[in-house]
Amino acid sequence: MGHFLLLAVAFPAFPAAAGAAAVVPRFSSHKFAFPGPATAFTVPAAFPTTVYESYYVKPGPTNEPQPAVFDPVLNITFPFNLTNPETVPTNGSDPVLYPPALANLTDASAEALVSAAALEILAIIEANNTGLSSNCSKCVAALSVAQMAAQLAPTHLPAAMVSLCKTTGFKTGTVCQNTYGATNFGASWVQILAKADVVGLDGQYICASLSTNFCSQPPLVPVKVKFPKAKPVKPKKSRASGKRVKVLHLSDLHLDTRYMAGSEANCTSSMCCRYSAPAQGVDEVPVTYPAPLFGYYKCDSPFYLALAALQSIGPLTGTSVDNPPALSLYTGDLVAHDSQNQRSRAYVEVTEDSVWQMFKAYIGGPIYAALGNHDTSPDNFDVAHAIDDNGPLGQQFSWNYDHVSKLWEHYGWIDGATQAQASVHYAAYSVLHPLGLRVITLNTDLYYRNNPYTFIHAADPDFSGMFSFLVQELQKAEDAGERVWIVGHVLSGWDGSNPMPGGSDMLYQIVDRYSPHVIANVFFGHTHEDQAFVYYKNNGTRRSAEDAIASAWVGPSITPLTNLNSGFRLYEVDTGSFEVFDAYTFYADVSTFNHLNETGAGPTFNFEYSTRAAYGPAAAWPDGAPLNATFWHRVTEAMEKDRTLATLFNTYQGKSSVRSPNCTSDACTAAKICYIRSGSAALGKQCPQGFGSVQSPYTGNNF
């Protein structure tokens, strides 16, 4: 199906009246009640200045605002230079923590030891003897030497790692410094080296993360989860009440507080849409594509786009602060994709404050949030408390858990007891909504592949205790007859590229044990794309409609990064079963943003599609049945019969972006079907690779 035909299908001529019936003629004349009074909303061009009390730089038609953000928890107003586009730091300012040295060496002795270790590592790398017959064995041997240095002279190791990185040509000089410098990731790597089982599974993961030319990814070694009780033979089934409520799902806003309108938006290296100082003797920097006020495909969300999306929610969903959704979900990533040398704890905190203030201004009702991998400093990193028995290293990210949970309490989204729970559980918590739904949030950084702390005790995916916490809360819910939603950031499945296999498998086991009678739905973010996938009985050993027990919804991002449109979703949910009966997705076409100055208006957010209307007829899905795991499996069966359905899914995956690659081949269709049926990394890795993301051209091979 051609792209223009898809657009015609996605945007029929809807009546604008509230409650009007809308027809999506994809497979039939199936009708549904539209959730809000409008199918499209054009945001006013003027910035809503009342969101923040004061500004260092006021918003204008050609410049982003710089609000003076007050933190009600820390009782401070963040300084202008923290987010000033022209004063971006080049070195981190956060505290640097090292593991305690096992010996009391003088500086001279420590330097000599580290220098000797570096020479030995170079010799290992260059060795051709039979004792180190593979790159993997060389890497593990080098790690053993590095561990000795990390344990005896920890503060001296980052400089040596930078030097080794440069000497061996492993990375460019700048990347070496930005990766292994003490104030970037270097001190964290020293902790990891000091604590890891470098000659075991931990070392294999570390070497594979450095390069698959060193070690291949280790195979999954499943760890069986111990449950307090066996799964009931005949569990009590929930009943639909027939009463429906609205639930909002936002994800991956990635607010770029340093976005500069008019700067280069089409740069060759991140971050784009950022200030660049002119060279000496030059008045201005040449710009090939000026950054639009509301954002661009290679940039994170400016204030103007973030507020535009929030302003559109009310007209498109029929909700408001006074008539709010029953609840809202935020599945992580508030902070922009700054490199580590440009971010800090304070930068994370000011972004958290900025976003939550926006949400409070435009969204009523409770908002339940999970932290994303960028919502921390260092970027992507979270550590198990058990790394040093909850000592200084185990507590090194507690500043963030405490801060963000107190903000949630301040805005009335959780109470004091829940805040106390979140502050000691990696910002994860379990809360009972007044309607009777239990929401359990997770910090999925603790199984994220790009978090090197997950390589410590890799043989124990629950080293952090996160899964024990989840099991405990699910068991309480089962005993009380409650329905549960699980909310996280990094997804457990799809193509298998994001989670660690052990953690992903452990979550799959837990979902299997408590579904479908307890767990009603699972929600993720992270990929920036519109995706869904299914969990099956018996850890997915047989994947059929009869075995489908739970499904995961991956929320579309507000940020356009990379090559995506900006979007969000609304669910229609039954208050008895807490199952989803429809999902409405909305988007703004980023390709139009550079013309907005000519129109004198803000962007238009449009209704994109109804999940039931788009896929239900092809799946022969009954009108009164929920959009559950069986529904999504039936959708994959329909895709097997009609490849254009996979093409449609692919279009929606990028929120109808003109930059998404087409999915018209047999291989791409097979891959999408397989991804939807893969709730774990192990299952996803068995699928055809190279078709997982629509943010760049596909690399997979056709059959």
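**Stop 1: β9 and β10.** Select strand β9, residues 327–330, together with β10. The two strands pair in the parallel sense, over three bridges. Now pick out Tyr 330 and look across to β10, where Ala 369 is its bridge partner. Keep in mind that this is a predicted model.

**Stop 2: β8.** Stay with β9 and add β8, residues 244–250. β8 and β9 also pair in the parallel sense, here over four bridges. Click Val 247: Leu 327 in β9 stands opposite. Next, bring in β17, residues 566–574. β8 and β17 run antiparallel and are joined by six bridges. Val 245 is the residue to click here, with Val 573 in β17 opposite. Is β8 mostly covered or mostly open? It is mostly covered, with five of its seven residues buried.

**Stop 3: the whole sheet.** Select seven strands in the order β3-β19-β18-β17-β8-β9-β10. They form an open sheet with mixed pairing. Which strands stand at the edges? They are β3 (40–42) and β10 (367–369). Each has a single partner strand, so one side of each is left without a neighbour in the sheet. Turn the view to follow the twist, which averages 25° from one strand to the next.

**Stop 4: α8 and the core.** Show helix α8, residues 303–317. The helix lies across β3, β8, β17, β18 (580–588) and β19 (604–610). Against β17 it runs at about 35°. Then look for the largest nonpolar core, a set of 215 residues. Trp 356, Phe 359 and Tyr 615 have the most contacts inside it. α8 gives the most to this core, with ten residues. In soluble globular proteins, nonpolar side chains tend to be buried together.

Zoom in on Phe 359. What does Phe 359 touch, not counting residues up to four places away in sequence? The list is Leu 250, Leu 253, Leu 310, Tyr 330, Ile 367 and Trp 413. Tyr 330 is familiar from the first stop, as the bridge partner of Ala 369.

**Stop 5: α5 and α6.** Select helix α5 (residues 173–180) and helix α6 (residues 182–195). Their axes come within 4 Å and cross at roughly 60°. The two helices are therefore oblique to each other. Show side chains for the contact: on α5, Gln 177, Asn 178, Thr 179 and Tyr 180. On α6, show Ala 182, Asn 184, Phe 185, Gly 186 and Trp 189. Colour them by type and you get four nonpolar residues, five polar and no charged.

**Stop 6: Asp 202.** Go to helix α7, residues 201–210, and find Asp 202. Is Asp 202 buried or exposed? Asp 202 is buried, with a relative accessible area of 4%; the cut-off for buried is under 20%. Leaving aside neighbours within four places in sequence, its contacts are Ala 196, Asp 197, Phe 455, Ile 456, His 457, Ala 458 and Ala 459. Now draw a distance from the C-alpha atom of Asp 202 to that of Thr 454: the separation is 8.7 Å. Along the chain these two are 252 residues apart.

**Stop 7: α18.** Finish at helix α18, residues 666–676. Nine of its eleven residues are buried, so the helix is largely enclosed by the rest of the structure. Lys 672 is one of the buried residues, and so are Cys 668 and Cys 674. What covers the buried residues of α18? The cover includes β15 (531–536), α16 (629–641) and α17 (643–653).

Definitions and conventions: Residues numbered from 1 in each chain as written. Predicted model: local features only at pLDDT ≥ 70, side-chain atom pairs only at ≥ 80, totals over all residues. Heavy atoms only, no water. Pairing = 2+ DSSP bridges. Axes fitted to C-alpha atoms, helices over the stretch in contact; angles between N-to-C directions. Contact = heavy atoms within 4.5 Å. Core = buried A, V, L, I, M, F, W, Y, C linked by side-chain atoms within 4.5 Å. Buried < 20%, exposed > 50% of the residue type's maximum accessible area, 1.4 Å probe, protein only. Parallel < 35°, antiparallel > 145°, perpendicular 65-115°, else oblique. Nonpolar A, V, L, I, M, F, W, Y, C, P; charged D, E, K, R; others polar.
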